[in-house]
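Visitor: I should like to take a close look at a single part of this structure, namely how one helix meets its neighbours. Would you please guide me through it?

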Amino acid sequence: PFARHWVHNGWVVVEGEKMSKSLGNFTTLVDLLERTDQRAYRLLVLQAHYRSPIEITESTVERAVSTLAGLDGFARATRGVGAAGPDPELLEGFRAAMDDDLDTPRAMSLAFTAVRDANTALAAGDTARAAPLAAAVLEICSVLGLELDDGSAAEIDGDTDSLVRQRDAARAARDWPAADAARHELANRGWVVEDTPDGTRIHRR
């Protein structure tokens, strides 16, 4: 069957007014997804309780896109922290939130707090603390259908890999013009370049 359970959701609103065809303030889901990463829209929905109104405007969508970019960046930053089981206390909090009338805003708030705590741990070099938090964040997002992009799916060809190595060598030698030239070349090839304690990291736009 298509569905076993139905719930009545709150109105979709635009600047406090109900979205409707008669008011001319509506956006179709197809139009929205044509210009926005569908994960950003999912994140926007998850941050609102299903029985409460949800504000769909250019600014709320842009905030969701920005937040998603932060989560993707977190997934990339923690990809190499090592294997660890997800933090059990965080997962228990997530289950409690979802059992409480599908409180997805609280569930996402727990994930965002874990991201902050994991980043703090990483900055302090405490990978033993960061790893289980990162694993829990990834599991929570996956359960909610929010698959994060950790950059592992992007294929890096030999020439691009060579450019990354050249840039790291130039930075180590403090040859900033050469490092900048490599960064510009990578950007021209469609890569976003990030400087990390482990060297240059790249991912697709």
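Guide: The following account begins with the chain as a whole, turns to helix α3 and its neighbours, and then adds another helix pair and a sheet.

This is a predicted model, in which local features need pLDDT of at least 70 and side-chain atom pairs count only at pLDDT 80 or more, while totals for chains, interfaces and linings use all residues. Residues are numbered from 1 along each chain as its sequence is written, and side-chain values use heavy atoms, with hydrogens and water left out.

The chain contains eight helices and five strands. Here helices (H or I, at least four residues) and strands (E, at least two) are DSSP runs, numbered from the N terminus. Read from the N terminus, the order of elements is β-β-α-α-β-α-α-α-α-α-α-β-β. The C-alpha trace spans about 60 × 45 × 35 Å along its principal axes.

Helix α3 comprises residues 58-77. The axes of α2 and α3 come within 8 Å and cross at roughly 105°. Axes are lines fitted to C-alpha atoms, for helices over the stretch in contact, and angles run from 0 to 180 degrees between N-to-C directions. The helices α2 and α3 are therefore roughly perpendicular to each other; angles under 35 degrees count as roughly parallel, over 145 as roughly antiparallel, 65 to 115 as roughly perpendicular and the rest as oblique. On the α2 side the contact (heavy atoms within 4.5 Å) involves R39, A40, L43 and L44, and on the α3 side T60, V61, A64, V65, T67, L68, L71 and D72. This contact has eight nonpolar, two polar and two charged residues. In this classification Ala, Val, Leu, Ile, Met, Phe, Trp, Tyr, Cys and Pro are nonpolar, Asp, Glu, Lys and Arg are charged, and the others, Gly among them, are polar.

D72 and R39 also meet through their side chains in a salt bridge, 2.9 Å from N to O. The term denotes a side-chain nitrogen of Lys or Arg within 4 Å of a carboxyl oxygen of Asp or Glu. The pair links distant parts of the chain, since D72 lies in α3 and R39 in α2 (residues 38-46), 33 residues apart. By this rule, the count is nine salt bridges.

Helix α3 also meets helix α5 (residues 104-123), where the axes come within 11 Å and cross at roughly 40°. That angle makes α3 oblique to α5. The residues in contact are T67, L71, F74 and A77 of α3, together with F112, V115, A118, N119 and L122 of α5. Seven of the contact residues are nonpolar, two are polar and none is charged.

A further helix pair is formed by α7 (residues 158-172) and α8 (residues 176-188), whose axes come within 8 Å and cross at roughly 155°. The crossing angle makes α7 roughly antiparallel to α8. To this contact α7 brings T160, L163, V164, R167, A170 and R171, and α8 brings W176, A178, A179, A182, R183, E185 and L186. By class, eight of these residues are nonpolar, one is polar and four are charged.

Finally, three strands form an open sheet in the order β2-β1-β3, with mixed pairing. Two strands pair if DSSP finds at least two bridges between them. The edge strands β2 (17-18) and β3 (54-55) each pair on one side only. Strand β1 (residues 12-14) pairs with β3 in the parallel sense over two bridges, and V12 stands opposite I54 in β3.
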